[in-house]
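Open the model in your viewer and keep the sequence panel in sight. Each stop below gives a selection and then what is there.

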Amino acid sequence: MPIIDKAVLIVKADGHGSRQMCRVNKFGFPRTTAKSTEKKVKGFQTGDIVKAVVTSGKKVGTYTGRVAVRKSGSFNIKTVDKTVQGISWKYCRLLHASDGYSYNTTC
């Protein structure tokens, strides 16, 4: 019997977000303000894969992972083992634009 040594690509559908314009309370009344109509912040969108090379400050290092954007330009990056909060958009470089799917490989 031959042993298969090929990597398998695992694709998971994450979607592009929600159409819900604001959060509601248990009675169905709005409890937050409406979401912004802008989906991109400084050229990045939640779900993009980025590489951040932080050269100064408390979080010096290189981080690669999925980004969660904030309007302020201070992003969260979810790496394989942890989530790093408060990384400026200036340190980020886009590796893969969000297309509604997440990708992983098995070896």
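The tour runs from the sheet to the core, the outer strand pair and the pocket.

**Before you select**

This is a predicted model, in which local features need pLDDT of at least 70 and side-chain atom pairs count only at pLDDT 80 or more, while totals for chains, interfaces and linings use all residues. Residues are numbered from 1 along each chain as its sequence is written, and side-chain values use heavy atoms, with hydrogens and water left out.

**Stop 1: the five-stranded sheet**

Colour by secondary structure. Strands here are DSSP runs (E, at least two residues), numbered from the N terminus. Find the open sheet of five strands, ordered β5-β4-β3-β2-β6 with antiparallel pairing. Two strands count as paired if DSSP finds at least two bridges between them. Strands of a sheet pair through backbone hydrogen bonds, either parallel or antiparallel.

Which strands stand at the edges? Select 83–88 and 92–96: these are β5 and β6, each with a single partner strand, so one side of each has no neighbour in the sheet. Now look along the sheet. From one strand to the next, the twist averages 45°. That angle is taken between lines fitted to C-alpha atoms, in N-to-C directions, on a scale from 0 to 180 degrees.

**Stop 2: two hairpins**

Select β2 (49–54) and β3 (61–68). They pair in the antiparallel sense over six bridges. Six residues lie between them in a hairpin, and Gly-57 in the turn has a positive phi of about 100°.

Move on to β4, residues 74–78, which is joined to β3 by three bridges and runs antiparallel to it. This is a hairpin too, with five residues between the strands; Gly-73 in its turn has a positive phi of about 95°.

Now pick Arg-66 in β3. What stands opposite Arg-66 in β4? Lys-78 does. Towards β2, the bridge partner of Arg-66 is Ile-49. Further along the β3–β4 pair, Ala-68 stands opposite Asn-76 in β4.

**Stop 3: the nonpolar core**

Show the side chains of Phe-75, Ile-77, Ile-87 and Cys-92. These have the most contacts inside the largest nonpolar core, which has 13 residues. Such a core is a set of buried Ala, Val, Leu, Ile, Met, Phe, Trp, Tyr and Cys residues joined through side-chain atoms within 4.5 Å. At least two residues each come from β2, β3, β4 and β5. The largest share, three residues, is from β2.

Stay in β2 and select Val-54. Is Val-54 buried or exposed? Val-54 is buried, at a relative accessible area of 6%. The cut-offs are under 20% for buried, over 50% for exposed and partly exposed in between, with a 1.4 Å probe and protein chains only. Set a distance from Val-54 to Met-21: 34 Å, C-alpha to C-alpha, with their positions 33 residues apart in sequence.

**Stop 4: β1 and β7**

Select β1 (8–13) and β7 (101–106). The two pair in the antiparallel sense over six bridges. Lys-12 stands opposite Ser-102 in β7. Of the six residues of β1, the number buried is zero, so β1 lies largely in the open.

Ala-13 belongs to β1. Ala-13 is exposed, with a relative accessible area of 61%. Its C-alpha is 16 Å from that of Gln-45, 32 residues away in sequence.

Step back to Lys-6, in the segment before β1. Lys-6 is exposed too, at 63%. From Lys-6 to Ser-36 the C-alpha separation is 44 Å, across 30 residues of chain.

**Stop 5: a loop residue**

Select Lys-42, in the loop between β1 and β2. Its phi is near 55°, a positive value in a residue other than glycine. Lys-42 counts as partly exposed because its relative accessibility is 48%.

**Stop 6: the largest pocket**

Select Gln-45, Thr-46, Gly-47, Arg-66 and Ser-98. Among the 36 lining residues of the largest pocket, these lie nearest its centre. A pocket is an open set of points on a 1 Å grid over the protein atoms alone, where a 1.4 Å probe fits, with protein on both sides within 12 Å along at least five of seven lines; lining residues have an atom within 4 Å of a point.

How much volume does the largest pocket have? About 1,100 Å³, counted as the space filled by probe spheres set on points joined across faces, edges and corners. β3 and β7 are the elements that give two or more residues to the lining. The largest share, four residues, comes from β7.

Finally, colour the lining by class: eight nonpolar, 17 polar and 11 charged residues. Here Ala, Val, Leu, Ile, Met, Phe, Trp, Tyr, Cys and Pro are nonpolar, Asp, Glu, Lys and Arg are charged, and the others, Gly among them, are polar.
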